[in-house]
Amino acid sequence: MYPDRVVSGMRPTGSMHLGHYHGALKNWIKMQTELPCLFFVADWHALTTHYDDPTVIERSTWDMLIDWLAAGIDPSQSTLFIQSRVPEHAELHLLLSMATPLGWLERVPTYKDQIENLANKDLATYGFLGYPLLQAADVLIYRASQVPVGEDQVPHIEMMREIARRFNHLYGKEKGFEEKAQDAVKKLGSKRAKLYNELRTEYQQDGKDEALEQAKAMLDDAQSLSMGDRERLFGYLEGSRKLILVEPQSRLTEAARLPGLDGRKMSKSYGNSIALREDKDSVTKKIKTMPTDPARVRRSDAGDPARCPVWQFHQVYSDQPTREWVVNGCKSAGIGCIECKQPVIDAIIKEQEPMHERAQPYLDDPSLVRAIVADGNDAARRLALETMRDVREAMGLAYS
Ligand code: SF4
């Protein structure tokens, strides 16, 4: 089977804030130590909503890459690249579009939500309807096994899986597949070949999932097979098709939700965000002026943390004893709000210190970021070209 791999991207539509850090980046940083990861700047995706003002994209792209590096994405562990620098994403998107039923795209729940949320923009465009398909191409082109997502994105991954399945069904039928697959079985050696056939029968006739898993594990271990034969045998286990595109799995992320300064979702457009590399004074000022429980008009009024956005920051940043101190002090009016906010200010500044340090060399010499991304673009493109070679061949487009 193809190696495990994670793919994820972000749209460069403005600077990154702490909501992005706690919501997604921290997960990326964790994942890069577990599996090979490809992280990309989704600049074409930014165009789906910013087609009328693309100027923000270039600046945001480079700022965002520095933010990723500042946050702790390590280019020696992860591949960082820019979507539009791997034009094969567009080619696969186009090819997939030929066989993707329109209804699949219209049904994606976020499609209607976004149109309503961004009512000030005309999103009745072909590109916007097709963006989940472009997302599918972004993932399928790397044969990614896992995609980190929040709950709301799970239907997108389901659709990617349907698209991969449909593609394999339509185009995975190669001439003489059955004979080629049986030849490949022989190459496993007599003992393994016998076991493979038994497990295949158990799965196909009796629907035993364990047999399928056992056979897949055996193929993973079979060193003697070429990549083509291995894929044939994976496909042969389940039917009579070669697996060209891999169905990715959703990897649900347990993200801490850091709201904005006013308790709504953190967003630069709401003016309630703290930038990832905001300077200390500005962080202090923003937290100090954050709204609190409206019931605490005077210092002597008791409050309730459940009605206060500062409390939500404590839930992300403070340890248990500090949280108890907040709850007791707030409900008894034993502490003032400024006092209550200080541990949050200290924790944010402490969290950001190493980010500022890591960002500095890239700010001093932007060519360092350019070089990291150039390497990442090349590495990503090599993988994308491998998949496209198989896709073109399967679709009958590899003629000269
Ligand atoms: S004491 Fe803390 S939790 Fe209570 S209202 Fe003030 S800032 Fe909010």
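# Salt bridges, buried residues and odd phi angles

Q: What links Lys30, Glu34 and Arg251?
A: In this predicted model, a network of salt bridges ties Lys30, Glu34 and Arg251 together.

Q: What makes the contact between glutamate 34 and arginine 251 a salt bridge?
A: The side chains meet at 2.7 Å, N to O. The cut-off is within 4 Å for a Lys or Arg side-chain nitrogen and an Asp or Glu carboxyl oxygen, so this pair counts. The two partners come from distant parts of the chain, 217 residues apart: glutamate 34 sits in the loop between α1 (18–31) and β2 (37–41), and arginine 251 in strand β5 (residues 249–252).

Q: Why are glutamate 34 and arginine 251 put in the class they are, buried, exposed or partly exposed?
A: Glutamate 34 has a relative accessible area of 41% and arginine 251 has 22%. Buried needs under 20% and exposed needs over 50%, with partly exposed in between. Both values fall in that middle range, so both residues are called partly exposed.

Q: How do you know that glutamate 91 and arginine 392 form a salt bridge?
A: Their side chains come to 2.9 Å, N to O, and the limit is 4 Å, so the pair passes. This one also bridges distant parts of the chain, with glutamate 91 in helix α4 (residues 88–99) and arginine 392 in helix α18 (residues 367–394), 301 residues apart. As for cover, glutamate 91 is at 26% and arginine 392 at 25%, which makes each of them partly exposed, since that class runs between 20% and 50%.

Q: What about arginine 143 and aspartate 390: what makes them a salt bridge?
A: Here the closest N and O atoms are 2.8 Å apart. That is within 4 Å, so the pair goes on the list. Arginine 143 lies in the loop between α8 (131–140) and β4, while aspartate 390 belongs to helix α18, 247 residues apart. Both partners are buried.

Q: How do you know that arginine 143 is buried or exposed?
A: Its relative accessibility is 5%. Buried means under 20%, so arginine 143 lands in the buried class.

Q: How many salt bridges does the rule give?
A: The count comes to 20 salt bridges.

Q: What makes the phi of arginine 143 stand out?
A: Most residues other than glycine have a negative phi. Arginine 143 has a phi near 50°, a positive value in a residue that is not glycine.

Q: What puts alanine 333 in a similar spot?
A: Alanine 333 also isn't a glycine, and its phi is positive at about 60°. You'll find it in the loop between α16 (320–331) and α17 (337–364). Alanine 333 has 14% relative accessibility, under the 20% limit, so it counts as buried.

Q: Why are cysteine 330 and cysteine 340 called buried?
A: Cysteine 330 has a relative accessible area of 8%, and cysteine 340 is at 10%. The limit is under 20%, so both qualify.

Q: How many disulfides are there by the rule?
A: The count is 0 disulfides. A pair of cysteine sulfur atoms has to be within 2.5 Å to count, so no pair in the model meets that limit.

Q: Which residues form the negative surface patch, and why is it called negative?
A: The patch is made up of Asp113, Glu116, Glu151 and Asp152. Asp and Glu count as negative, so the patch is called negative. Patch members need over 30% relative accessible area, and aspartate 152 has 48%, so it clears that bar while still being partly exposed. Aspartate 152 is in the loop between β4 (146–149) and α9 (154–171).

Q: Why is phenylalanine 39 called buried?
A: Its relative accessible area is 0%, and buried means under 20%, so the call is clear. Phenylalanine 39 is part of strand β2, and its C-alpha is 9.9 Å from that of proline 75, 36 residues away along the chain.

Q: Why is alanine 24 placed in its class, buried or partly exposed?
A: Alanine 24, in helix α1, has a relative accessible area of 25%, which lies between 20% and 50% and is therefore partly exposed. Its C-alpha is 9.2 Å from that of glutamate 254, with the two positions 230 residues apart in sequence.

Q: What does the chain as a whole look like?
A: It has 18 helices and 5 strands. Its C-alpha atoms fill a box of roughly 85 × 45 × 45 Å along the principal axes, and 47% of the 400 residues are buried.

Notes: Residues numbered from 1 in each chain as written. Predicted model: local features only at pLDDT ≥ 70, side-chain atom pairs only at ≥ 80, totals over all residues. Heavy atoms only, no water. Buried < 20%, exposed > 50% of the residue type's maximum accessible area, 1.4 Å probe, protein only. Patch = residues over 30% accessible without salt bridge, like charges linked within 9 Å, V, L, I, M, F, W, Y side chains within 5 Å. Areas by Shrake-Rupley, 256 points an atom, 1.4 Å probe, with all protein chains shown as cover. Charge placed at Lys NZ, Arg CZ, Asp CG, Glu CD. Helix = DSSP H or I, 4+ residues; strand = E, 2+ residues; numbered from the N terminus.
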